Amino acid sequence: MSDPATETDSGQGASQDKTGEVFFYHMTRSPLEATLPVLLQRSLQAGWKICLRGTDPARLDWLDERLWTASDDGFLPHGLAGGPYDADQPVLLTADTTLTHPADALILIDGAAVSADEMLGLTRVSILFDGNDPDAVARARAQWKEVVAAGCTAKYWSQESGRWEMKASS
């Protein structure tokens, strides 16, 4: 996997400015549980606090279990929303549609929504979608249109060649 989590237009690493940049990750070869830990690790290495937003609390519970053993270090530091230390979590998993975590980056899974204000107020928004699910692809296409209409930069990353490559940018 190349390094899409820290790419910028100049390729010189992550920007710390709030830019309204939205990356779409079209997963066709790797499932979410393989792609997500790499993306989270690279985002943490960039110094970002991350909010991972899903739509199904049971799915987030399942991911919570996987993330404890996903990294070479043994786990990715994270927590499920609803605890007393949510704001302190480096990665917070939530189904809440309101961003209450002091995040630099927002990662969306399973068709979770993002507002234009969130897009513009964060360093990065990443939308991961299953390329083998026609409904997920249709939702991602609709989200691309929303991103462009909000005036944000959209970048489309695909892994159809076996490695992540940027295929389109708005």
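**Exercise 1. Find the residue with positive phi that follows helix H4, and describe the helix itself.**

*Solution.* Helix H4 is followed by glycine 151, whose phi is positive, near 85°. The structure is a predicted model, in which local features need pLDDT of at least 70 and side-chain atom pairs count only at pLDDT 80 or more, while totals for chains, interfaces and linings use all residues. Residues are numbered from 1 along each chain as its sequence is written, and side-chain values use heavy atoms, with hydrogens and water left out.

Helices (H or I, at least four residues) and strands (E, at least two) are DSSP runs, numbered from the N terminus. H4 covers residues 134-149, has 16 residues and reaches 23 Å from its first C-alpha to its last, close to the 22 Å expected at 1.5 Å a residue; the expected span is 1.5 Å times one less than the number of residues. At the start of H4, a side-chain oxygen of aspartate 133 reaches to within 2.9 Å of the backbone nitrogen of aspartate 135.

**Exercise 2. Work out which residues of H4 are buried, which are exposed, and what the buried ones pack against.**

*Solution.* Take buried as under 20% relative accessible area, exposed as over 50%, and partly exposed as in between (1.4 Å probe, protein chains only). By this criterion Ala136, Val137, Ala140, Gln143 and Val147 of H4 are buried. Seen down the axis of H4, these buried residues fall within an arc of 120°, so they line one face of the helix; the arc is that of the directions from the helix axis to the C-beta atoms. On the other side of H4, Pro134, Asp135, Arg141, Lys145 and Ala149 are exposed.

Next, count a contact where heavy atoms lie within 4.5 Å. The buried residues of H4 pack against strands E1 (21-27), E5 (105-108), E6 (124-130) and E7 (153-158), and against helix H3 (116-121).

**Exercise 3. Describe the surroundings of glutamine 143.**

*Solution.* Glutamine 143 has its place in helix H4, and it counts as buried because its relative accessibility is 3%. A polar atom of its side chain lies 2.9 Å from the backbone oxygen of alanine 112. Not counting residues up to four places away in sequence, glutamine 143 touches Phe24, Leu108, Gly111, Ala112, Ala113 and Ile127.

**Exercise 4. Locate the nonpolar cores, and place leucine 63 and leucine 52 in terms of their contacts.**

*Solution.* A nonpolar core is a set of buried Ala, Val, Leu, Ile, Met, Phe, Trp, Tyr and Cys residues joined through side-chain atoms within 4.5 Å. Of the 24 residues in the largest such core, Leu36, Leu40, Ile50, Leu52, Ile107, Ile109 and Leu128 touch the most other members. E1, helix H1 (32-45), strand E2 (50-53), H2, strand E4 (91-94) and E5 each supply at least two residues of this core, and the largest share, five residues, comes from H1. Apart from it lies another core, of 19 residues, among them Leu122, Ala140, Val147 and Ala154.

Turning to single residues, leucine 63 lies in helix H2 (residues 57-67) and is buried, with a relative accessible area of 1%. Leaving aside neighbours within four places in sequence, leucine 63 is in contact with Leu32, Leu36, Leu52, Leu93 and Ile109. Leucine 52, with residues up to four places away in sequence not counted, touches Leu36, Leu60, Leu63, Leu92, Leu93, Thr94, Ile107 and Ile109.

Conventions: Polar contact = N/O pair within 3.5 Å; in protein donor to acceptor, adjacent residues only side chain to side chain.
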